[in-house]
Amino acid sequence: MFYGQFCENIYTAKGRQWCAPVSAQQYHLGGEVTFTHRLYRLYHFGLRLAAALLPIRTPHVYAGQQALSQWLCEVKKQNLRTLLVVSDPGIVALDLQQPIIAALHQQGVNTVLYSDVEANPGIPCIEQGVSCYQQHHCQGIIAIGGGSVMDCGKLIAARIARPSKSLQQMQGLFKVLRPLVPLYAVPTTAGTGSEVTVAAVVSDHQRQIKFAINDLCLVPKGVLLLPELTLGLSPQLSATTAIDALTHAIESYIGINATRFSKAKSVAATKLILSNLPLVYQQPNHIDARMHMLWAAFYAGQAFTRTSVGYVHAIAHQLGALYGIGHGLANALLLAPVLNAYGQRIDAQLTALAQQTLAANSDAQDMRAAIATLLHDCAIPSTIAQLRQEDIATIAKRAIAEAHPDYPVPCFFNQHDIETILYSLLPQQQHSKQTDEQQSLTGQYR
Ligand SMILES: [Zn+2]
């Protein structure tokens, strides 16, 4: 009782962004409330304070037709003579990096291309980039690619700033604590938002885990939003990366640490995705829609880097680690089932989001329907082909370990809740172990 009142007081105090009103209803823990859950909520409050008090930088954005020339002026102004261009084989096969490299050369800036970045980069991949940077005496980094490439660029910069610290030693919060060399990001997918976040993820193949390095200095100095670089994305990849961004926006919005600022960014991102993703999916060369999607991913990144994510991501990361399912697709598979499992406990948040993105008189049900339509129109499957019944308990356990206490979720799921979500996603209706209770939990909105 005391704790509930305490939280209500601190969360509803007026006048400060971190105290943006959070209703008592929103603050309900949901399901069985344990003492541990209450401790988690105290921790979440600490995170909320930290996010409000820490100066999370917004990178300078170069967008529109003059983006490249404006950025080149900046590079010249900084007197950068050699830049490490970080990319991956897919980008290089399409030659997407070439116009940027050519423009740099025209300005007399040398480039060194490191294009061996793998999906979910491992420690050796990042260290190879560090060697390349040092060997050629680079003075800055431009990462051209999706989330893996941008994360790799950030991590190379972190290792350059902290040469005596290993990536493992920088795991967690605020272990870099040094300014990075000039770092620029050019997203070629509109999804991860890595170009604006304080985090970068490393795969530790030996331990079969992924870990994150989080530090304010990891936000790139500048971001180039060049929609022409995303024109070659397949409809499927355009969709799954965009739904990753939508998941960032929604998990940020429904989480208890959402602020006025983060909510505004979530709304902007959601609106842009709902109206532009169908266009991009149907007409991949629609340059205006592509530009809107880049902005959507950027806004969603701004939102979740302040509030963190939730169970969709916690479970999706396990699917990525265990089956190699791409991050965007994993989120797309889980978004609707997780929102359904929250049930009415997030209706207030979804209604508010619907009223700002769909229509003034819409509600949570309309929001769920809009998401379901979007997933359907983008041909997102309703089951996970790789999922095996015998893995479900492990996935659920690992997802709980990831989410608790780090993610300020709107209410807490337990092992059983997450297993229920996963059972509902088994291929070939392998639902034999589901209890009536489990079915009713996931069936509420189907
Ligand atoms: Zn994500």
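Tutor: Two strands pair if DSSP finds at least two bridges between them. The model discussed here is predicted.

Student: In which sense do strand 7 and strand 8 pair, and over how many bridges?

Tutor: Strand 8 covers residues 209-214, and Asp-204 stands opposite Ile-209 in that strand. The pairing of strand 7 with strand 8 is antiparallel, and the number of bridges is six.

Student: Which strands stand at the edges of the sheet that holds strand 7?

Tutor: Three strands form this open sheet, in the order 5-8-7, with mixed pairing. Each edge strand has a single partner strand, so one side of it is left without a neighbour in the sheet. The edge strands are strand 5 (172-173) and strand 7 (199-204).

Student: What is the order of the open sheet of six strands?

Tutor: The pairing in this sheet is parallel. Strand 1 (60-63) and strand 3 (110-114) are its edge strands, each pairing on one side only. From one strand to the next the twist averages 20 degrees. The order is 1-9-6-4-2-3.

Student: Which residue of strand 9 does Ala-185 stand opposite?

Tutor: Strand 6 takes in residues 183-187 and strand 9 residues 222-225. The two run parallel and are joined by two bridges. Opposite Ala-185, in strand 9, stands Val-223.

Student: What angle does the direction of helix 11 make with that of strand 9?

Tutor: Helix 11 spans residues 287-307 and packs on the sheet. Its contacts there are with strand 6 and strand 9. The angle to strand 9 is about 150 degrees.

Student: At what angle to strand 4 does helix 8 run?

Tutor: Helix 8 is formed by residues 147-161. It lies across strand 2 (82-86), strand 4 (140-145) and strand 6. Relative to strand 4, helix 8 runs at about 165 degrees.

Student: Why are helix 10 and helix 14 called oblique?

Tutor: Helix 10 (residues 260-282) and helix 14 (residues 347-357) have axes that come within 9 Å and cross at roughly 60 degrees. Perpendicular would need 65 to 115 degrees, and roughly parallel an angle under 35. Because the crossing angle falls in neither range, helix 10 is to helix 14 oblique.

Student: How many residues of each class does the contact of helix 10 with helix 14 have?

Tutor: The crossing is right-handed. Helix 10 contributes Val-267, Thr-270, Lys-271 and Leu-274, and helix 14 contributes Leu-353, Gln-356 and Thr-357. By class, the residues are three nonpolar, three polar and one charged.

Student: Is Leu-274 buried, exposed or partly exposed?

Tutor: Leu-274 lies in helix 10. A buried residue needs 20 or more other C-beta atoms within 10 Å, and an exposed one has 12 or fewer. Leu-274 has 18, which makes it partly exposed.

Student: How far apart in space are Leu-274 and Thr-373, C-alpha to C-alpha?

Tutor: Leaving aside residues up to four places away in sequence, Leu-274 touches Thr-357, Ala-370 and Leu-374. Thr-373 is 99 residues from Leu-274 in sequence. In space, C-alpha to C-alpha, the separation is 9.8 Å.

Student: What is the handedness of the crossing of helix 9 and helix 13?

Tutor: The axes of helix 9 (residues 235-254) and helix 13 (residues 327-342) come within 7 Å and cross at roughly 60 degrees. The two helices are therefore oblique to each other. The crossing is left-handed.

Student: How do the residues of the contact of helix 9 with helix 13 divide by class?

Tutor: From helix 9 the contact takes Thr-240, Thr-241, Ile-243, Asp-244 and Thr-247. They meet His-327, Gly-328, Leu-329, Asn-331, Ala-332 and Leu-335 in helix 13. The division is four nonpolar, six polar and one charged.

Student: What is the omega of the cis peptide bond that joins His-404 and Pro-405?

Tutor: Pro-405 sits in the loop between helix 16 (392-403) and helix 17 (415-423). The bond joining His-404 to Pro-405 is cis, and its omega is about 5 degrees.

Student: Is Asn-79 buried or exposed?

Tutor: Asn-79 is in the loop between helix 4 (67-77) and strand 2. Its phi is near 60 degrees, a positive value in a residue other than glycine. With 8 other C-beta atoms within 10 Å, Asn-79 is exposed.

Student: What is the phi of Ala-379?

Tutor: The loop between helix 15 (364-377) and helix 16 holds Ala-379. Ala-379 is exposed, with 11 other C-beta atoms within 10 Å. Although Ala-379 is not a glycine, its phi is positive, at about 55 degrees.

Methods
Residues numbered from 1 in each chain as written. Predicted model: local features only at pLDDT ≥ 70, side-chain atom pairs only at ≥ 80, totals over all residues. Helix = DSSP H or I, 4+ residues; strand = E, 2+ residues; numbered from the N terminus. Axes fitted to C-alpha atoms, helices over the stretch in contact; angles between N-to-C directions. Contact = placed C-beta atoms within 7 Å. Parallel < 35°, antiparallel > 145°, perpendicular 65-115°, else oblique. Left-handed = near helix turned anticlockwise from the far one by under 90°. Nonpolar A, V, L, I, M, F, W, Y, C, P; charged D, E, K, R; others polar.
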